[in-house]
Amino acid sequence: RLLLKAMAEAQPALAQGTPSGGVGLLLLLTAHLRARPAAEVAAHRTHALALLLTCLSYREASAPTAADRAALAAAGAVAAHRDAYAAELAGTARAVEAAAGGALLELTIKINDVQLRPLFLHSIRWACASEGGDEEAGGGDAAAEEEEGRGAAGDELLASTLGGAETGAISGAMGPRRAASFFRAIAPSQIRLAELYAPYFALALPHATAVLGLPSCAPRLAYSRAAAAGSERRKLSDGAAGGGGADEDVVAGRVALLSALRFLRTGLSHHAAAPAASPTQLHAVERPLCALITSPYTAEARAGGEELSPAAAVAAAAAAAIRSEALGAVEALVLALGGDGSKRLHHAFCQAARQAAVETGSELVGDGSASVAGAMRLGALHGLGTLYAALGDGALPHVAEALPIVPELMEDSEAEVRQAALKLMQRLEELGESDFA
């Protein structure tokens with residue numbers, strides 16, 4: 001207890017002196033939690049969580065202010081200064097979150113579910129507090145001072161102090177920086193405990209779903225006119241690519257999106273063994289996942305080539321990673337829902353393909369080789385292909401809905417769309433032949 005209090009007192013000075021000081025503090029906390037008996041860790045769990053969440057605020061606390069950005073903009077080599085500054089912050093934030101994840105794992109495996117649940121809910125409340133707000137990381141310290149948390153009475157007091165309500169009572173949405181920090185920190189526990197983590201996956205699932213739809217995390221392309229006014233031809237600008245890391249808000253949104261998608265993919269993969277999430281929660285994921293995969297943002301992953309600037313290349317790589325994780329989440333979701341449960345998701349992809357097929361495709365992205373509508377068609381085909389691959393022969397009931405759409409896309413004006421449609425059509429024919437046999 002004295003060591004935890006000393007670490008909490010040292011944390012602000014360490015964070016201000018050297019950003020990596022928070023990493024060292026978390027590594028010390030991890031070693032301390034690993035070495036102490038479970039009963040002792042349980043008794044001081046609120047102090048440990050308070051310290052952990054305080055350190056975990058690094059990504060948010062280090063976000064450049066308006067004054068910081070103005071100073072960087074006034075620097076001589078603007079892009080170089082901004083990129084170097086953003087890379088340093090991102091690297092330290094990742095290190096802090098990895099160390100926090102290790103400490104949280106040690107804390108999680110040393111306490112029981114009754115003790116862990118209120119701590120987990122308090123962590124969600126911390127993540128949902130408005131970024132830069134007054135939400136305190138260690139709301140349970142006062143209770144811990146009075147009652148060490150031993151026994152049922154201590155657990156009740158702790159639960160009431162930490163907010164002890166179910167997630168329905170947690171107000172506010174996660175901002176991108178806290179969402180990134182939260183989901184990255186719980187990842188080691190989720191991976192290590194697998195299906196045993198299912199109840200906590202269900203608690204955080206609505207918040208991960210909400211992150212997919214956050215405006216600040218929404219995958220988007222900013223276009224600039226490539227020709228004179230009135231021209232419909234556009235291309236990616238460096239600003240569209242998010243400055244390759246220079247625009248900290250865009251980068252924070254990408255990290256939050258990837259972290260939430262990985263949380264979904266991991267949790268859904270264990271749903272069959274431990275179905276803690278409700279069907280309503282699972283179906284709520286369908287729409288944002290479909291929108292993500294069929295977004296024109298996926299075109300960034302196709303718009304490669306030597307003409308791309310370094311900033312646009314980074315954005316293209318980020319888009320490819322997001323699309324890959326989203327498709328992985330679709331596969332896990334389909335396996336969790338089963339064939340009958342996937343009807344809505346299949347219909348959503350078919351609708352997206354049908355809608356994109358009637359688009360004019362006059363707006364171009366990247367090097368001009370791929371249209372916005374083409375990117376949407378390609379995303380829809382990839383989504384359908386992932387669904388059919390996951391269901392195997394169980395996808396046969398869905399074939400009738402897709403058959404009128406796929407042949408049209410086999411004659412698409414874009415080669416990549418035609419290839420994806422041809423591949424999907426071959427899969428549909430295989431399903432038909434297996435049914436006939």
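Modeller: Before we start, a cavity here is a set of grid points where a 1.4 Å probe fits but cannot get out, and a lining residue has an atom within 4 Å of a point. Please keep in mind that this is a predicted model.

Colleague: Thanks! How many cavities of 30 Å³ or more does the structure hold, and what is the volume of the largest cavity?

Modeller: The structure holds four cavities of 30 Å³ or more. For the largest cavity, the volume is about 120 Å³.

Colleague: Which residues lie nearest the centre of the largest cavity?

Modeller: The lining of the largest cavity has 15 residues. Helix H4 (45–56), helix H7 (78–110), H8 and H11 each give two or more residues to this lining. Nearest the centre are Leu49, Leu104, Phe120, Ser123 and Ile186.

Colleague: How many residues of that lining are charged?

Modeller: Asp, Glu, Lys and Arg are the residues that count as charged. The lining of the largest cavity divides into 13 nonpolar and two polar residues, and the charged ones number zero.

Colleague: Phe120 caught my eye. Which residue does Phe120 form an edge-to-face aromatic pair with?

Modeller: By the ring-pair rule there are seven aromatic pairs. In one of them the ring centres are 6.1 Å apart and the planes meet at 85°; planes over 60 degrees apart count as edge-to-face, so this pair fits that class. The partner of Phe120 in it is Tyr197.

Colleague: How many residues apart are Phe120 and Tyr197, and where does each sit?

Modeller: Phe120 belongs to helix H8 (residues 113–128). Tyr197 is in the loop between helix H11 (176–193) and helix H12 (198–212). The pair therefore links distant parts of the chain, with a helix at one end and a loop at the other, and the separation is 77 residues.

Colleague: Are these two rings' residues, Phe120 and Tyr197, buried or exposed?

Modeller: A relative accessible area under 20% counts as buried. Phe120 has 5% and Tyr197 has 3%, so both residues are buried.

Colleague: Which residues do the ring pairs link into a cluster?

Modeller: The Phe120 and Tyr197 pair is edge-to-face, and both of these residues belong to the cluster. Its full membership is Phe120, Phe182, Phe183, Tyr197, Tyr200, Phe201 and Phe263.

Colleague: On to charges. How many salt bridges are there?

Modeller: Side chains of opposite charge can pair when their charged atoms come close. The cut-off here is 4 Å from a Lys or Arg side-chain nitrogen to an Asp or Glu carboxyl oxygen. Arg36 and Glu40, with closest N and O atoms 3.1 Å apart, form one such bridge. By this rule the count is nine.

Colleague: Which salt bridge joins two buried residues, one in helix H7 and one in helix H5?

Modeller: The residue in helix H7 is Glu97, and its partner in helix H5 (residues 58–61) is 38 residues apart from it. Both residues are buried, and the N to O distance is 2.7 Å. The bridge is Glu97 with Arg59.

Colleague: And for Glu325 and Arg262, how far apart in sequence are the parts that the pair ties together?

Modeller: The side chains of Glu325 and Arg262 meet in a salt bridge of 3.4 Å, N to O. Glu325 lies in helix H15 (residues 310–341) and Arg262 in helix H13 (residues 248–269). Glu325 is buried at 13% relative accessible area, whereas Arg262 is partly exposed at 39%. The parts tied together are 63 residues apart.

Colleague: Which residues do salt bridges that share partners join into one network?

Modeller: Glu97 already pairs with Arg59. With shared partners taken into account, the network is Arg59, Glu97 and Arg184.

Colleague: Last one: which elements give two or more residues to the lining of the second largest pocket?

Modeller: About 260 Å³ of space lies in this pocket. Its lining includes His283, Glu286, Arg344 and Gln355. By class, the lining has four nonpolar, four polar and three charged residues. The elements are helix H14 (279–293) and helix H16 (343–357).

How values were computed. Residues numbered from 1 in each chain as written. Predicted model: local features only at pLDDT ≥ 70, side-chain atom pairs only at ≥ 80, totals over all residues. Heavy atoms only, no water. Phe/Tyr/Trp six-rings, centres within 6.5 Å; stacked < 30°, edge-to-face > 60°. Helix = DSSP H or I, 4+ residues; strand = E, 2+ residues; numbered from the N terminus. Buried < 20%, exposed > 50% of the residue type's maximum accessible area, 1.4 Å probe, protein only. 1 Å grid on protein atoms, 1.4 Å probe; cavity = no way out; pocket = protein on both sides within 12 Å on 5 of 7 lines; lining within 4 Å. Points joined across faces, edges and corners; volume = space filled by probe spheres on them.
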